[in-house]
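Here's a quick tour of one protein model, written for someone who'd rather look than calculate. Have the sequence and the picture open as you read.

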Amino acid sequence: MNLEQLGLFGVFLFGAIPWFEAIAVVPGAILLGSPPVLTVVFAVAGNTTTIFLFAYGTSQIRAWLIKRRELRGKTGESERFKKAQRSFDKWGIYGLAAIGPLVIGTQFAALAAVAAGVKPLKTSIVISVATLFWATLLAIVFVVAGLDGVPGFDSEA
């Protein structure tokens, strides 16, 4: 495994970590000389992996929590959840996907969307597409600004 492959593997792993996110990893990797297109692909792939895991995991947890509340004689949703649901209804999955990568992180945006009742597959796809958009936009900005490879750190030096 050469240094570039190892770097892209690191981009994949860091893209999968909540709050590192693809949109945080892409600028750093590009600054260090990683190829912009491959950086976006690997960062988004890592991030998307955990988005799907969070979405489907949350779906199972939500069903378990509702069932548990109902067994205790309570309604399916808590007051706190209903308040969060009203906020989600105001912005929707698309608003959450647009700002999620920037504000709360993609994995937690997926968690919030599924908890609000959006299907895990739709949640995963919409948030992954938004992540791809933001990561690509950042890569373009860094390349256009000439920030693709700090001297002494890129693989061609």
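## Pro36, partly out in the open

Pro36 counts as partly exposed, because its relative accessibility is 24% and the partly exposed class runs between 20% and 50%. Keep in mind that this is a predicted model. Pro36 has its place in helix α3.

What does Pro36 touch once its neighbours within four places in sequence are set aside? The contacts are Ile30 and Val143. There's also a long hop in sequence to look at: Ala135 sits 99 residues away from Pro36 along the chain, yet the two C-alpha atoms are 9.9 Å apart in space.

## How α2 and α3 pack

Now zoom out to the helix pair. Helix α2 covers residues 21-31, and it packs with α3 at an angle of about 150 degrees, the axes being 9 Å apart. That makes α2 roughly antiparallel to α3, because angles over 145 degrees fall in that class. The crossing of α2 past α3 is right-handed.

Which residues make the contact? From α2 come Glu21, Ala22, Val25, Val26, Ala29 and Ile30. From α3 come Pro36, Thr39, Val40, Ala43, Val44 and Asn47. Sorted by class, that's nine nonpolar residues, two polar ones and one charged one. So Pro36 turns up here again, as one of the α3 residues in this contact, and Ile30, which Pro36 touches, is among those on the α2 side.

## Thr58, tucked away

Further along helix α3, which spans residues 36-71, you'll find Thr58. Is Thr58 buried or exposed? Thr58 is buried, because its relative accessible area is 10% and the buried class takes in anything under 20%.

Its side chain has a polar partner: a polar atom there lies 2.6 Å from the backbone oxygen of Phe54. Leaving out residues up to four places away in sequence, Thr58 touches Leu111, Val114 and Ala115.

## The whole protein

Step back once more and it's helices, with no strands: six helices and zero strands in the protein. Along the sequence, the pattern reads α-α-α-α-α-α.

How much of the protein is buried? Of the 157 residues, 37% are buried, and Thr58 is one of the buried ones. As for contacts between residues at least 6 apart in sequence, 74% join residues at least 24 apart.

Note on methods: Residues numbered from 1 in each chain as written. Predicted model: local features only at pLDDT ≥ 70, side-chain atom pairs only at ≥ 80, totals over all residues. Heavy atoms only, no water. Helix = DSSP H or I, 4+ residues; strand = E, 2+ residues; numbered from the N terminus. Buried < 20%, exposed > 50% of the residue type's maximum accessible area, 1.4 Å probe, protein only. Polar contact = N/O pair within 3.5 Å; in protein donor to acceptor, adjacent residues only side chain to side chain. Contact = heavy atoms within 4.5 Å. Axes fitted to C-alpha atoms, helices over the stretch in contact; angles between N-to-C directions. Parallel < 35°, antiparallel > 145°, perpendicular 65-115°, else oblique. Left-handed = near helix turned anticlockwise from the far one by under 90°. Nonpolar A, V, L, I, M, F, W, Y, C, P; charged D, E, K, R; others polar.
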